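Reader: I'm new to this one. Can you walk me through a few spots?

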Amino acid sequence: MQVKKTNYTVNATPTFEVLTEEEIEAIYFSALRVLYETGVRVYEEEGVEIAHSGGAIVEDTTDDSSLVKIPPWMVDKALATLPRKVVVVGPDREHRMELYKNQIYFGAGSDTPFTWDPYTGERRRATYEDVKNFAKIAQAMPNMDFHMSLGIVQDVNVGTYDRWQYLAMLEGTTKPINITAVDLDGLQDQLEMAYVRVGGKEEFEKGPIFSLYIEPVSPLSHSEEVIQKLLFATDNGIPFVYTPCPLAGATAPCTLAGTAVQALTESLFGIVLSQLRKPGAPMIIGGLMSNMDMRTTVYCYGSPEMALLSAAYTQITKWLGVPMYETAGCSDAKMFDEQAVLEATFNATTAALTGGNMIHDVGYLEQGLTSSMEMMVATNEIVDRVKRILRGIPVTDETKALDVIEDVGPGGHYLEHDHTYTRFKDLIWQGPLTDRQNWENWDLAGRKTFRDRVHARVLEILETETEPLIDEDMYKELRQICELADERHKGEELDFDMFV
Amino acid sequence: MSDTLERLATAVVEGNVDSMEELAQEALDEGLSAQEILNDGLMGGMNHVGKEFKAGNMFVPEVLRSAKAMKEAMKLLEPMLAAGEAQATGKILLGTVKGDLHDIGKNLVGMMCEGAGFDVRDLGTDVEPDQFLSAIKEFEPDIVGMSALLTTTMRAMGDTIKAIEEAGLRDQVKVMIGGAPVTQRFADDIGADGYAANAASASDLAKEFVGAA
Ligand code: B12
């Protein structure tokens with residue numbers, strides 16, 4: 001008799017890998033070479049100075065920038081102090097992201113100029129109310145773990161939309177938020193708001209309630225605003241996402257390996273700079289990588305190349321031990337249609353199966369130019385399905401159920417068995433928006449399509465009364481910060497109609 | 001059309017950068033004028049490229065390669081063209097406006113317009129109204145093209161148009177604008193002369209502005 005017994009679970013989670021370890025190493029060591037031999041252009045003096053005193057070679061200084069070359073040992077040193085795990089929490093301290101290894105969290109994208117109005121069915125410029133409503137949707141979606149502003153607030157002064165977006169999100173959700181900032185001033189104001197929301201600086205430092213979105217400029221450039229934000233975030237204990245947005249074939253090599261090398265070079269510079277400024281500063285690298293569509297010139301948000309690149313980069317970040325900012329739940333479709341769902345299914349599945357940590361851009365249509373509540377609600381269900389797949393098929397004596405098979409025997413059935421009764425709910429996936437009725441019942445129920453059901457769910461959430469998440473006084477205090485910013489940006493009001 | 005002109009047009013379409021100079025020389029040796037070679041050979045090829053691109057049969061890198069092929073032949077022909085004939089379709093001044101760093105869309109517009117025979121001066125990104133002004137004075141473009149991808153920087157396009165007006169230069173140039181969040185309506189409201197949603201229509205618009213469409 002065989003005594004060797006598998007008494008532990010091996011690879012219970014299905015995984016998707018596109019690179020071998022050798023390939024990951026080849027990409028990493030190539031990035032080190034680019035960082036040292038080609039260098040990156042830095043458009044901010046302090047950043048150049050910090051890199052220089054940390055050991056970087058500075059060349060070709062012009063009136064606005066320098067070429068900075070980082071030797072590999074500086075990267076090793078930075079990686080040694082870079083936290084392998086980053087935590088961002090919600091203001092209620094209940095919602096929480098522990099970003100490391102295979103922990104997956106899904107959430108929205110940010111800053112779309114347009115949105116689909118769920119009532120009029122029209123695509124129009126986004127407003128404060130929209131951003132608040134999107135946050136409300138995210139709050140109601142169990143598979144949305146963090147949030148971003150699904151719309152640029154355009155019914156306020158131009159240079160202050162970031163504070164208003166943050167306020168609108170705080171009104172709608174208690175999940176961790178990934179903010180964007182117009183500039184350093186906007187970042188400072190939002191930090192002030194977070195202090196108000198959470199009860200002071202110390203509380204924020206114990207558990208930051210937002211992370212900051214920063215993007216270096218591909219190819220291989222780090223702008224003034226980007227470096228300023230990086231330094232400010234580092235100084236103030238704000239975890240930040242440092243994600244380049246290279247376009248394979250346009251702002252990065254057409255070969256996806258080349259795009260990965262370049263993107264990694266760009267991220268590594270951020271890692272080095274942040275760790276020189278403050279060893280232990282938390283950051284997340286990523287994750288918005290795709291190709292240019294060579295017919296239309298658009299930045300593709302639903303291409304297979306985007307999914308592939310994200311998967312590859314996720315593997316690289318895991319190998320490096322840095323939390324990953326992934327991209328999924330988004331599409332190039334203009335409206336919430338079959339292509340939208342197809343692309344979101346595809347990229348959300350790949351992202352989850354590779355185990356990217358902070359998976360953003362749920363709700364994006366039209367290459368990130370339009371947001372859709374339907375898209376978010378549908379993606380929530382897609383993610384739910386993927387999570388079922390992630391739970392895999394554990395194979396143990398208990399799950400092989402030999403005793404139950406023996407018990408039922410040939411010709412019996414399992415419907416009444418205890419084994420079924422105690423387990424089916426966990427094991428057989430049900431989605432609230434997925435239709436599995438037979439023809440007659442579907443017909444009787446009004447022949448509702450997936451699109452109809454998703455839309456109805458959106459309206460249901462919007463129309464459900466909820467308790468305010470912040471009290472009157474706190475709201476006033478937060479609002480005042482936004483209004484003071486507006487004062488400083490007087491005369492920059494946009495004529496909203498001008499934008500239609 | 002002569003066989004050589006046809007081969008030149010085909011070489012442009014196929015983007016045979018390396019054979020252009022030789023083919024152009026052949027055409028000259030056959031007694032064709034530089035003007036004929038340009039109009040009937042090279043431009044014929046580029047027009048075909050434009051049509052194929054719009055029909056979705058050619059792709060951006062191919063179009064850019066064709067434009068490069070044409071430039072290659074022009075190196076040889078340019079000195080031979082009479083002053084008037086050598087003139088480009090027109091001059092375009094381009095830039096991404098103040099506060100905005102998105103550049104690849106603007107670059108594409110520049111390359112497509114060059115492909116259509118325009119002389120393009122690109123001021124880069126984060127371009128202040130003043131920089132546009134001094135470049136207008138110095139370069140004397142027919143068209144000023146501005147790119148913005150941010151709601152915060154779209155207004156800088158309006159500011160730049162105002163600055164051009166105030167400097168008394170508005171009559172000298174046509175202004176076209178673009179960038180993902182920009183719309184025709186916005187262009188109308190800030191008093192731009194035109195808007196285009198992508199690089200190919202930008203070059204069509206530019207041609208229209210100089211009466212070369
Ligand atoms: C790549 C990218 C970046 C890169 C740019 C790198 C580079 N080298 O250009 C980086 C990472 C730097 C970046 C930064 C930011 N970005 Co950005 N970016 C994009 C993205 C994903 C793609 C843009 C792109 O390259 N498209 C491909 C090109 C070819 O298309 P295009 O630019 O639209 O150009 C075509 C047409 O518009 C037209 N056109 C363009 N210019 C002109 C000019 C004329 C005269 C004419 C006629 C036509 C024309 O022809 C072009 C070719 O066909 C867009 C999303 C999107 N779908 O647009 C966001 C997007 C534009 N970015 C956005 C934001 C918010 C930002 C940041 C503010 C983020 C932040 N908070 O830090 C920063 C701002 C930095 C700055 N100061 O400029 C928002 C803008 C929202 C808004 N309306 O305000 C977008 C829409 C994404 C989003 N939803 O968040 N970004």
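Author: Here is a quick tour, metal site to surface patches. Keep in mind that this is a predicted model.

Reader: Okay, metal first. Which protein residue is the donor of the cobalt atom of the ligand?

Author: B:His102 is the only protein donor. Its NE2 atom sits at 2.3 Å from the cobalt.

Reader: Where does B:His102 lie in chain B?

Author: In a loop. B:His102 comes between β1 (91-96) and α6 (104-115) of chain B.

Reader: New topic, charge. Which residues gather in the patch of negative charge on the surface?

Author: There are A:Glu224, B:Asp126, B:Glu128 and B:Asp130.

Reader: Take B:Asp126. Where does it lie?

Author: B:Asp126 is in the loop between β2 (119-122) and α7 (129-139) of chain B.

Reader: Why does B:Asp126 count as partly exposed?

Author: Because its relative accessibility is 35%. Partly exposed runs between the 20% and 50% cut-offs.

Reader: And the nonpolar surface patch? Which residues make it?

Author: A:Leu402, A:Ile405 and A:Tyr414 make that patch, about 300 Å² of it. A:Ile405 belongs to helix α14 (residues 402-408) of chain A. A:Ile405 counts as partly exposed because its relative accessibility is 44%.

Reader: Last one, B:Asn47. Which helix is it in?

Author: Helix α3 (residues 34-54) of chain B holds B:Asn47. At 41% relative accessibility, B:Asn47 counts as partly exposed.

Reader: How many residues apart in sequence are B:Asn47 and B:Gly115?

Author: They are 68 residues apart in sequence. In space, B:Asn47 and B:Gly115 are 9.8 Å apart, C-alpha to C-alpha.

Terms used:
Residues are numbered from 1 along each chain as its sequence is written. Chains are lettered from A and ligands numbered from 1 in the order in which they are written. This is a predicted model: local features need pLDDT of at least 70, side-chain atom pairs count only at pLDDT 80 or more; totals for chains, interfaces and linings use all residues. Side-chain values use heavy atoms; hydrogens and water are left out. Helices (H or I, at least four residues) and strands (E, at least two) are DSSP runs, numbered from the N terminus. Buried means under 20% relative accessible area, exposed over 50%, partly exposed in between (1.4 Å probe, protein chains only). Donors are N, O and S atoms within 2.8 Å of the metal (3.2 Å for Na, K and Ca); water is not among the atoms, so sites may look incomplete. Patches are made of residues with over 30% relative accessible area and no salt bridge: like charges are joined within 9 Å, nonpolar side chains (Val, Leu, Ile, Met, Phe, Trp, Tyr) within 5 Å. Accessible areas come from the Shrake-Rupley method with a 1.4 Å probe; for residues, only the protein chains shown count as cover. A salt bridge is a side-chain nitrogen of Lys or Arg within 4 Å of a carboxyl oxygen of Asp or Glu. Lys and Arg count as positive and Asp and Glu as negative; His and the chain ends are not counted. The place of a charge is taken as NZ of Lys, CZ of Arg, CG of Asp or CD of Glu.
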